[in-house]
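Visitor: I have a structure open in front of me and would like to learn how to read it. Could you walk me through a few features?

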Amino acid sequence: MSDRDQQIEQIKSQQLMEAVQKALFKGRYVFVDCFEGPFTSFVTSRLGGQSAAPFDSFNMAYHVGDNPLNVARNRQQVRDDFGFQHLCFMDQNHTNQVMIVDENNVEQEVFPCDGIVTKLKGVALAVMTADCLPLMLCDEEKQVIAAVHCGWRGIASGIIANAVEKMVGLGAQRERIVTYLGPAIGPRSFVVGDDVRDIFVQQYAPYAEAFVDRMVVNPELPSVAPTIASSAFSIEGTSAVLQGRIPVNLANPDPASLEEHKVSSTTVTTCMTPSCSLSNPMGAPLDASLPETHMKTDTTIMEVVKDPIFGEIKYLKIEGKHLCNIYELAVLTLQRAGAVGYVYGGRFDTFAQSTLFYSYRKAHVTGRMASVIAINA
């Protein structure tokens with residue numbers, strides 16, 4: 001690439017980031033607008049904070065090696081921006097443990113579990129992630145909320161069902177629970193082995209829908225996508241894709257068939273299964289390269305297709321490996337738990353959008369976002 005081309009790419013990247021920051025609430029937050037009533041919900045991005053690289057800049061986690069003073073400042077920024085008196089985090093360890101935040105423990109800042117539930121007003125519940133799936137649950141009528149940390153281990157061991165049970169114990173009705181699927185590693189980026197697939201399929205056969213054995217590889221793409229590609233945004237579509245209102249009704253579902261929805265008068269393509277369009281849920285190219293460790297295993301070319309944007313696309317099967325759609329795992333688990341209200345979100349890919357979100361699988365040493373929900377005081 002010539003110096004002039006590099007300068008053009010840098011200008012494009014800067015323009016893109018400026019557009020993204022303008023679309024973010026206060027330049028920091030993906031605002032979640034799907035809950036009706038007196039609720040505040042959002043996801044922190046990695047922009048607009050105090051942390052230095054590689055935790056730059058809005059890291060919410062103390063345990064990753066960041067300067068604790070910067071983490072404290074970032075958390076305080078959240079309190080200041082939203083006026084929260086109580087902001088409850090968790091000491092997350094991929095368990096299925098869920099705790100209730102009530103008058104007896106609300107002064108705690110950290111809870112030893114992977115899911116928290118409350119009906120207290122003015123209390124914000126936060127789940128930290130950097131590829132795992134953050135779930136925010138809400139019974140809008142009974143005003144019961146939950147924040148749940150969903151790695152594959154937590155989902156397999158029942159964290160979602162346990163959170164639903166705790167909500168029901170506080171008066172929520174399963175069929176009225178509305179869910180937001182926050183930013184997680186996307187269905188074209190999350191590679192797992194036979195062992196993970198088997199754990200799910202052996203306990204519930206429909207989980208097989210969330211795994212495919214096709215990998216998409218484009219040899220013409222660079223192994224490390226430039227900033228403008230890894231952000232997975234188009235400048236024109238930025239405002240539209242940050243809206244939360246793309247519902248799936250679990251009481252009458254076929255999530256995989258709902259490929260296009262209208263949001264703020266702009267059509268946004270979703271990708272509930274890896275067999276859909278080659279564009280990502282944002283409508284912009286993903287970083288299609290696989291981690292090097294996966295490419296060293298035996299591969300079989302299943303199909304070669306021509307795409308007007310990507311060029312020649314090779315569909316590969318990697319023996320013993322599968323693409324896992326963690327969003328679909330969560331949807332199936334919600335159905336299984338009887339929480340069949342509307343589901344929103346599920347359109348991000350933290351691995352492909354590592355300019356905007358933290359991705360542990362991509363960076364290893366990195367910060368954490370926080371997905372937050374609160375009942376307004």
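Guide: Happily! Bear in mind that this is a predicted model. Let us begin with the largest pocket, whose volume is about 710 Å³.

Visitor: Which residues lie closest to the centre of the largest pocket?

Guide: A pocket is read through its lining, and here 29 residues line the largest pocket. The closest to its centre are His94, Cys132, His149, Tyr360 and Arg368.

Visitor: Which elements supply at least two residues each to that lining?

Guide: They are β3, β7 (123-129), α3 (152-157), β11 (191-193) and α10 (360-363). The largest share comes from β11, with three residues.

Visitor: And how does the lining divide into nonpolar, polar and charged residues?

Guide: The split is 16 nonpolar, seven polar and six charged.

Visitor: Let us turn to single residues. Is glutamine 92 buried or exposed?

Guide: The cut-off to apply is that buried means under 20% relative accessible area. Glutamine 92 has 17% relative accessibility, so it counts as buried. This residue sits in the loop between β3 (86-90) and β4 (98-101).

Visitor: What does the side chain of glutamine 92 find as a polar partner?

Guide: One of its polar atoms lies 2.8 Å from the backbone oxygen of methionine 128. Met128 also appears among the contacts of glutamine 92, along with Cys113, Asp114, Val127 and His149, once neighbours within four places in sequence are left aside. You have already met His149 as one of the residues closest to the centre of the largest pocket.

Visitor: May I try threonine 118 next? Where is it placed, and is it buried or exposed?

Guide: Threonine 118 belongs to strand β6 (residues 115-118). Its relative accessibility is 0%, so threonine 118 counts as buried. A polar atom of its side chain lies 2.7 Å from the backbone oxygen of valine 101. Beyond residues up to four places away in sequence, threonine 118 touches Val101, Leu125, Gln143, Val144, Ile145, Leu170 and Ile375.

Visitor: Now for charged pairs. How many salt bridges does a search of the whole structure find?

Guide: The search finds seven. One of them joins aspartate 56 to arginine 46, with the closest N and O atoms 3.3 Å apart. Both partners are in the loop between β2 (39-44) and α2 (68-82), 10 residues apart.

Visitor: How exposed are aspartate 56 and arginine 46?

Guide: Aspartate 56 has 31% relative accessibility and counts as partly exposed, whereas arginine 46 is buried, at 13%.

Visitor: Which residue meets glutamate 141 in a salt bridge?

Guide: Its partner is arginine 176, at 3.2 Å from N to O. This pair links distant parts of the chain, 35 residues apart: glutamate 141 is in the loop between β8 (133-139) and β9 (144-150), and arginine 176 is in the loop between α4 (159-169) and β10 (177-181). Glutamate 141 is partly exposed, with a relative accessible area of 49%, and arginine 176 is partly exposed too, at 33%.

Visitor: What is the N to O distance for glutamate 165 and arginine 174?

Guide: Their side chains meet at 2.5 Å. Glutamate 165 is partly exposed, at 44%, and arginine 174 is partly exposed, at 27%.

Visitor: Which residues are linked in a network of salt bridges?

Guide: Look for Arg75, Arg79 and Glu109, which are linked in such a network.

Technical notes:
Residues numbered from 1 in each chain as written. Predicted model: local features only at pLDDT ≥ 70, side-chain atom pairs only at ≥ 80, totals over all residues. Heavy atoms only, no water. Helix = DSSP H or I, 4+ residues; strand = E, 2+ residues; numbered from the N terminus. Buried < 20%, exposed > 50% of the residue type's maximum accessible area, 1.4 Å probe, protein only. Polar contact = N/O pair within 3.5 Å; in protein donor to acceptor, adjacent residues only side chain to side chain. Contact = heavy atoms within 4.5 Å. Salt bridge = Lys/Arg side-chain N within 4 Å of Asp/Glu carboxyl O. 1 Å grid on protein atoms, 1.4 Å probe; cavity = no way out; pocket = protein on both sides within 12 Å on 5 of 7 lines; lining within 4 Å. Points joined across faces, edges and corners; volume = space filled by probe spheres on them. Nonpolar A, V, L, I, M, F, W, Y, C, P; charged D, E, K, R; others polar.
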